[in-house]
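Thank you all for making the time this morning. I would like to walk you through one model, and I will try to say how each quantity was defined as I go.

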Amino acid sequence: MKNSKCCILNQTPRRRTRIIQCIYVVGFMDLFGVSLIIPLLSHHVKALGASPTVAGLVGSTYGILQLFSSTIVGSWSDVVGRRYSMLMCLLLSALGYGLLGMSTSIALFLLARIPVGLFKHSQSISRALLSDLVSEVERPLVMGHFNVASSMGFILGPVVGGYLTEHDRGFYTASFTCAAIFLLNAGLVWLLPWSDALTPRTDANSNSSASNASCHDNDNHFTSTHQNCSQGNSDNQTTAPAAAVTGSVAPEKNQRSWSWDLDWGEVSLLPSAWRQLSSVGSKISNVASSDMWDLFLVRLLMAMAIMLYYSNFSLAMEERFMLKPNATGYLISYSSTLGALAGFLVGPITKLYVNKMSALLLHSSVLTCFLILLYAVAPSVWHVLLSSTFIAISITIGRTCITDLILQKGGAHASGTLIGAGQSVTAVGRVLAPLLSGLAQEFSPCGPPILGVGLSLAGIVLLLVRVPKWDERGKRKEAEL
């Protein structure tokens, strides 16, 4: 009987790997579709007759809506489940991009941006779902690979979008293509084998060393299996991730079994709208009152520093080194490609640091600060090329670290809320960074990156103060377990 049980557990990582790979495809298609449109939006608004001021106000609509909706939709996905929330976000985003393809006036354009601004959170929900599916040790590696897939879509999308716009009514063709991609993504999410998404874990009190040994012996060649078997038998994990994936409200803490019937009919058992609303409010309140202000502040400071680095990159290259726009474009593409591929380095580097994410975040932040400073004082294009090469890698590692630390401190039961809150913090940076960049450029083309150096130094000082406390708290928690 033990052998048959271990056989089931040995098959599960393969099924889960298939789901994870499908989520990578969803992430790639998501940003591929979005990047078809993003470079064309400002040109289309001007073509509709908008003044620069009106174009700026319309363009800011998306960011403002994302600022307020990220945390709410992320928390909603914790309450109603990843599948239901992902499908709703993809379908409503498809609606928004479809309306964008029919926008022949400023009013229609603004109307089309509303559903996208409110519900374009498929990336955040995908990350929350990946967090539900993998262990804490595997999470940085899986998140890094997801970032690679998504970034590759964002790199390839503008190429296809530029080709489409060369034809008559190219913007509308690109918009409808983007809507079709989101519908295709929704179909892929619908067809995912959700029944294999999670496997029941045995209670810690029912541990059996013989069972662990037989599991390990039955399938030695599958390295991740014995890890899952041992975790399943030794970790007393909560049942909230299962509830988040299946779409039911989190069960009581003392419940020892999960429901594995993940058919679409389960959506009919969703709680009332009021219960959903109260659950969302409770989760957001718990995150707001938690002792995580330091992590979110570090995220804000580093995000703004990076945005200031990129804010006037093209203009500064032209003014400082007489670099032509096409050469600057090649440099940006080179850096973006390195940033995408850096996702493959996250797993090996976290193993090198023995999964000490706080130390890795501190070191990557120091490296990012130094590289921004190198760019700000660069005497030649070659120094800029050097900084662009390594800053793409440090930024990718830093983003993965901060997300993983937020999930570690906040707990897997609220992964959607936590990731959504992180996106809201980044949205605040998107609102503030352009204003600060404009003020800094009044003094010098190097003003924005120098200001970015100051903000990143503030983040590093905060990390130096708080990291020892995080480590002490982690050791105390391990001692209690």
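I will begin with the chain as a whole and then turn to a cavity inside it.

What you see is a predicted model, in which local features need pLDDT of at least 70 and side-chain atom pairs count only at pLDDT 80 or more, while totals for chains, interfaces and linings use all residues. Residues are numbered from 1 along each chain as its sequence is written, and side-chain values use heavy atoms, with hydrogens and water left out.

The protein chain has 19 helices and 0 strands, taken as DSSP runs numbered from the N terminus (helices are H or I, at least four residues; strands are E, at least two). Of its 481 residues, 51% are buried, meaning under 20% relative accessible area with a 1.4 Å probe, protein chains only.

Now, how many cavities of 30 Å³ or more are there? The count is 2, where a cavity is a set of points on a 1 Å grid over the protein atoms alone at which a 1.4 Å probe fits but cannot get out, and lining residues have an atom within 4 Å of a point. The second largest holds about 40 Å³, a volume being the space filled by probe spheres set on the points, which are joined across faces, edges and corners.

Its lining is made up of Tyr 309, Tyr 310, Phe 313, Leu 331, Ile 332, Ser 335 and Ser 388. The elements giving two or more residues to that lining are α12 (293-311) and α14 (325-341), and α14 contributes the largest share, 3 residues.

Definitions and conventions. On a 1 Å grid over the protein atoms alone, a cavity is a set of points where a 1.4 Å probe fits but cannot get out, and a pocket is an open set with protein on both sides within 12 Å along at least five of seven lines; lining residues have an atom within 4 Å of a point. Buried means under 20% relative accessible area, exposed over 50%, partly exposed in between (1.4 Å probe, protein chains only).
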